[in-house]
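Hi everyone, thanks for coming. Let me put the structure up on the screen, and then we'll walk through it together.

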Amino acid sequence: MFPVSDVIPSKTTPYVTVGLIGLNALVFLYELQLSRPELQLFAQIFGVVPAYFSWPTVFTSMFLHEGWLHLFGNMLYLWIFGDNVEDRLGHFGYLVFYLGCGVAAALGQVAVSAGSTIPMIGASGAIAGVMGAYFVLYPHSRVLTVVFLLFFMDMIEIPAIFFLGIWFVKELFSGVGSLGTQSLNGGVAVWAHVVGFAIGALTGLFWRVREPPERTYWM
């Protein structure tokens, strides 16, 4: 399944979401100028290395990506789900929320791979937080998704609560399965995804209680 968009129009211009996408793209363009050894050193300095943890890297690591696919996938999910969460939290609140989810996600991954010397990079932990908030704030929304069935392709609307719920369960099982076996190896930082999503969902729940949504068909 490949998500294309959701069905909820933005009420405000998502300045922060667009700005975050732009900043990630600019950093990636800089990475493209680096040689392989330079890129490895760049990731080692600005990525989160659990064995040599440094607080500044918790923030800088959110804007580094290892390749086009990594960047495109993260920015697509941020674009689909970020604008509506920004609507609900407000521009400044959303920025604080995004960074906070990224920090919590990084700390969650560090907790289960404390001895790893491999740098952890990417915005997926923060974006998982955005997805978690969307899951709670817009449970009746739908995600326009391209579905591939053997040699056929179709585009259907999938309930957001199902799409995001399946994503979270998959990451959770992957994380549990990785415990004790990949703490020192590279790979996808699944616990960053799990923690980020959980923090986002809790924030969304708090916001939903604090400011009940208007009665619209996607709420």
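So, reading along the sequence, the protein chain goes β-α-α-α-α-α-α-β-β-α-α. That pattern has eight helices and three strands; both are DSSP runs numbered from the N terminus, with helices being H or I of at least four residues and strands being E of at least two.

Before I go on, some housekeeping. This is a predicted model, where local features need pLDDT of at least 70 and side-chain atom pairs count only at pLDDT 80 or more, while totals for chains, interfaces and linings use all residues. Residues are numbered from 1 along each chain as its sequence is written, and side-chain values use heavy atoms, with hydrogens and water left out.

Okay, overall shape. The radius of gyration of the protein chain is 17 Å, close to the 17 Å from the globule rule for 219 residues, so the chain is as compact as a globular protein of that length. That radius is taken over C-alpha atoms, and the rule is 2.2 Å times the number of residues to the power 0.38. Along the principal axes, the C-alpha atoms fill a box of roughly 50 × 45 × 35 Å. Of the 219 residues, 47% count as buried; buried means under 20% relative accessible area, exposed means over 50%, and partly exposed is in between, with a 1.4 Å probe and protein chains only. And if you take contacts between residues at least 6 apart in sequence, 78% of them join residues at least 24 apart. Contact here means heavy atoms within 4.5 Å.

Now the helix packing. Two packed helices are described by the angle between their axes and the distance between the axes. The axes are lines fitted to C-alpha atoms, for helices over the stretch in contact, and the angles run from 0 to 180 degrees between N-to-C directions.

Keep your eye on α6, residues 124-137. How does α6 pack against α5? With helix α5, residues 91-112, the angle is about 120 degrees and the axes are 7 Å apart. That makes the two oblique to each other; angles under 35 degrees count as roughly parallel, over 145 as roughly antiparallel, 65 to 115 as roughly perpendicular, and the rest as oblique. The crossing of α5 and α6 is right-handed. On handedness: a crossing is left-handed if the near helix is turned anticlockwise from the far one by less than a right angle, and right-handed if clockwise.

Who's touching whom there? On the α5 side, the contact includes Tyr94, Phe97 and Tyr98, and on the α6 side, Ile127 and Val130 are among them. By class, the contact of α5 with α6 has nine nonpolar, three polar and no charged residues. For those classes, Ala, Val, Leu, Ile, Met, Phe, Trp, Tyr, Cys and Pro count as nonpolar, Asp, Glu, Lys and Arg as charged, and the others, Gly among them, as polar.

Next partner: α8, residues 190-210, which packs with α6 at about 35 degrees, with axes 6 Å apart. This crossing is right-handed too. From α6 you get residues including Gly125, Gly129 and Gly132, and from α8, Gly196, Gly200 and Gly204 are among those that meet them. The contact of α6 with α8 divides into 11 nonpolar, eight polar and one charged.

Last partner: α7, residues 160-178, whose axis comes within 10 Å of that of α6, crossing at roughly 140 degrees. So α6 is oblique to α7, and this crossing is left-handed. Ala128, Met131, Tyr134 and Phe135 in α6 meet Ala160, Ile161, Leu164, Gly165 and Trp167 in α7. That gives eight nonpolar, one polar and no charged residues.

A few single residues to finish. Alanine 104 sits in α5, and its C-alpha is 8.4 Å from that of alanine 126, 22 residues along the chain. Not counting residues up to four places away in sequence, alanine 104 touches Val195 and Ile199.

Over in α2, residues 36-46, we find phenylalanine 46. Phenylalanine 46 is partly exposed, at 34% relative accessible area. Leaving aside neighbours within four places in sequence, phenylalanine 46 contacts Thr57, Thr60, Ser61 and Leu64. Isoleucine 45 is in α2 as well, and counts as partly exposed at 46%.

And proline 9? You'll find proline 9 in the loop between β1 and α1, exposed at 53% relative accessible area. Proline 9 and isoleucine 45 are 36 residues apart in sequence and 39 Å apart in space, C-alpha to C-alpha.
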